Amino acid sequence: MQAWRFEGGFGFESLRRVELPDPVPGPRDVLLSMRAASLNYRDLVVLRGQHGRRVQPPLIPLSDGVGAVAAVGAEVTELKPGDRVCPAFFQNWEADAPPADLEAGRLGGPLDGVLATACVFPETGVVRVPDHLSDAEAATLPCAGLTAWSALMAAPQVQPGETVLILGTGGVALMAVQLARAAGARVIVTTSSPGRAARVAALGADHVIDRSATPDWAAEMQRLCPGGVDRVLELGGAATLPDAIRVARTGGQIILIGNVTGNEARLFLPAVLVRQLTLRAVTVGHRQGLAALARALDAHRIHPVVGDTFAFEDAPQAFRALEAQGGFGNICIRVTG
Ligand SMILES: NC(=O)c1ccc[n+]([C@@H]2O[C@H](COP(=O)([O-])OP(=O)(O)OC[C@H]3O[C@@H](n4cnc5c(N)ncnc54)[C@H](OP(=O)(O)O)[C@@H]3O)[C@@H](O)[C@H]2O)c1
């Protein structure tokens, strides 16, 4: 099989196209002919070699992908050749509370990821994807899609009429916009770009705050929503968390997801304590959540937003595009098919 792999280090100079032995499925495994892969902000952190000591080369990158079942082991009961499936981001988290060593089961580091023409997973490590999705759309589900689902649908589930503030227009944010709208929430989004503002409004956001024109987005939020926001999807990190707290209503929820502006935030604790805010962290989600996301997308006929798409041989260019952070929608790679 063909794969892209970090060899001897990280960075573009270490990302090599390699020929590897074809993987062989065990009795309970499925062999996937990979069709598409999708990039997430985290893959940039891996590329930069900043994902911690456990993520080491040699490593096939990317957690998100979709493949067609090419062969099944003798004890596989639920899947058959031709089924289109996504692997779960965490291969060791089926449902409920995560296992103690959750990180050990993560695709794209420390486990090999999906940027290969063939992959083997246990039957219990994959989920069927809805037929209405293209391969590129389906490839976005394991990390970007499931994270948005976990932020909105894990208890307490988003309610009709709830106001949800989503920071930024990355892959997680765009899926969250669509899921929150489908749930009947009022959706407000911040972005740094007038072009992306127009596109996220067209996707269904009720209000969009363009930070390039309105740098004090928190003041604008307080004008739009004087009673405060029910739920904030906090994707910005260090620079945005204090303002996310500022705009939440008494008893509201801050869902901690991202850190694009840095890891160390300063909090004014009385604002959290007096207004009894809940700060809830999301770590992508479990495999049953991925299956529930697939059902929700099917029921609402939602299409994840796909941005620039690259051929398998141009995979480094996909990473360059991710680094440039200029697009709209998940950057995807066509693998086969
Ligand atoms: N906890 C988890 O389970 C989990 C899962 C997935 C991702 N994440 C994290 O969530 C974050 C987003 O991931 P992603 O894959 O969706 O990213 P992405 O597709 O690469 O997009 C990143 C987005 O961040 C936004 N951004 C940049 N500066 C910002 C700021 N100051 N305030 C608000 N938004 C800002 C940008 O949108 P605009 O320019 O339009 O504002 C950009 O589109 C990353 O930190 C990632 O590591 C966490």
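**View 1. The ligand sits between two domains.** Both domain 1 (2-143 + 285-334) and domain 2 (155-281) hand residues to the shell around the ligand, so the ligand lies between them; the domain bounds come from an automatic or database domain assignment. This is a predicted model, where local features need pLDDT of at least 70, side-chain atom pairs count only at pLDDT 80 or more, and totals for chains, interfaces and linings use all residues. Residues are numbered from 1 along each chain as its sequence is written, and side-chain values use heavy atoms, with hydrogens and water left out.

**View 2. The shell around the ligand.** Count the neighbours and you get 24 residues, with T169, T191, S192, V282 and V284 the closest (near means a heavy atom within 4 Å). The shell breaks down into eight nonpolar, 14 polar and two charged residues, with Gly counted as polar and Asp, Glu, Lys and Arg as charged. Helices α3 (141-153) and α4 (171-182) each chip in at least two shell residues; helices here are DSSP runs of H or I with at least four residues, strands are E runs of at least two, and both are numbered from the N terminus.

**View 3. Polar atoms facing the ligand.** Look for N or O pairs within 3.5 Å, the cut-off for a polar contact; within protein, one atom must be able to donate a hydrogen and the other to accept it, and residues adjacent in sequence count only if both atoms are side-chain atoms. A polar side-chain atom of R211 comes to 2.8 Å from a ligand oxygen. Backbone atoms join in too: a N or O atom of G170 is 3.4 Å from a ligand oxygen, and a polar one of V260 is 3.5 Å from a ligand oxygen. On its own the ligand has 910 Å² of accessible area, and the protein covers 85% of that (Shrake-Rupley method, 1.4 Å probe).

**View 4. S193 in its loop.** S193 belongs to the loop between β9 (186-191) and α5 (194-203). With a relative accessible area of 14%, S193 is buried; buried means under 20%, exposed over 50%, partly exposed in between, using a 1.4 Å probe and protein chains only. The S193 side chain reaches the backbone nitrogen of R196 at 2.9 Å.

**View 5. Two cis peptide bonds.** G109 to P110 is cis, with omega near 5°, and P110 is in the loop between β5 (84-87) and β6 (118-122). A155 and P156 are also joined by a cis bond, omega about -10°; P156 is in the loop between α3 and β8 (163-167).
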